[in-house]
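Subject: Structure handover

Hi there,

Here is the structure I promised to pass on to you. Please open it alongside this email, and my notes follow below.

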Amino acid sequence: MAANPFLKQASGRAERILRSATASRWLARAVFNRSDQLQQRLGEAAEQLKMLARMLLDWTTGRYRQVPWATLLTITGALVYFLMPLDAIPDPIIGLGLLDDMGVLAKAWQFAQQDIERYQGWRDQQEDPEQP
């Protein structure tokens, strides 16, 4: 996942975050909040980000543990990258700032697609799938 220095930094942070349930929960909640704030600019990607955040949160709480470590690192790294305001294209640059974030999200989604689909199937079978 380390194609540029910002991705390398996000990957390192992802490993540290996954070692802490508190940090993992904080990351998931921060992604929910930021996705809501940027809903109009992100479009469908906002829902994808929230799905990845839910997956991380369900793994962290022990509700869903069938996630390979490589997938956890990938999605956590993508979520960290999304929250980094200064990355390859800084987020404050209107119109361009989120492009690199969406590229990282697309690559992470592609890499983890089978695991995400399994998770979505599991979530659909839960009593309250809307619970973050």
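Let me start with helix α6, which spans only 30 Å between its end C-alpha atoms, whereas a straight helix of 26 residues would span 38 Å at 1.5 Å a residue. If you look along α6 you will find a bend of about 75° at glutamine 113. Please keep in mind that this is a predicted model. The mean pLDDT of the chain is 82, with 77% of its residues at 70 or more. Confidence is highest in α4, at a mean of 93, and lowest in helix α1 (residues 5–18), at 75.

Staying with α6 for a moment, its buried residues include Val104, Leu105, Ala108, Trp109 and Ala112, and also Asp115, Ile116, Tyr119 and Trp122. Charged residues are found in that buried set too, among them Asp100, Asp101 and Arg123.

Next, the aromatic rings. A search of the whole structure gives four aromatic pairs. One of them joins tyrosine 64 to tryptophan 122 in a tilted arrangement, with 4.9 Å from centre to centre and 45° between the planes. Which parts of the chain does this pair tie together? Tyrosine 64 sits in the loop between α4 (44–60) and α5 (69–83), while tryptophan 122 belongs to helix α6 (residues 99–124), so the pair links parts that are 58 residues apart in sequence. Both tyrosine 64 and tryptophan 122 are buried. Tyr119 joins Tyr64 and Trp122 to make one aromatic cluster. There is also a charge over a ring to look at: arginine 65 lies over the face of tryptophan 59, at 4.6 Å from the ring centre.

Now to α4, whose length holds no surprise. Its 17 residues reach 25 Å from the first C-alpha to the last, close to the 24 Å expected at 1.5 Å a residue. Is α4 largely enclosed by the rest of the structure or largely open? It is largely enclosed, because 14 of its 17 residues are buried. After α4 comes glycine 62, which has a positive phi, near 85°.

Alanine 53 is a good residue to click on within α4. With a relative accessibility of 0%, alanine 53 counts as buried. Setting aside residues up to four places away in sequence, alanine 53 touches Ala28, Val31, Phe32 and Leu79. Its C-alpha atom is separated by 8.2 Å from that of threonine 76, although the two residues are 23 apart along the chain.

Two more residues are worth a visit. Serine 24, in helix α2 (residues 21–37), is buried, with a relative accessible area of 0%. Beyond residues up to four places away in sequence, serine 24 touches Ile17, Leu18, Leu56 and Thr60. Glutamine 39 is in helix α3 (residues 39–42). Is glutamine 39 buried, partly exposed or exposed? At 29% relative accessibility, glutamine 39 counts as partly exposed, since the buried class needs a value under 20% and the exposed class one over 50%. Leaving out neighbours within four places in sequence, glutamine 39 is in contact with Ala46, Glu47 and Lys50.

That is the tour. Happy browsing, and do write back with any questions.

Best wishes

Key. Residues numbered from 1 in each chain as written. Predicted model: local features only at pLDDT ≥ 70, side-chain atom pairs only at ≥ 80, totals over all residues. Heavy atoms only, no water. Helix = DSSP H or I, 4+ residues; strand = E, 2+ residues; numbered from the N terminus. Buried < 20%, exposed > 50% of the residue type's maximum accessible area, 1.4 Å probe, protein only. Contact = heavy atoms within 4.5 Å. Phe/Tyr/Trp six-rings, centres within 6.5 Å; stacked < 30°, edge-to-face > 60°. Lys NZ or Arg CZ within 6 Å of the ring centre and 35° of its normal. Expected span 1.5 Å × (residues − 1). Bend = angle between axes of the 7 residues up to and from the residue. pLDDT = per-residue confidence, 0-100.
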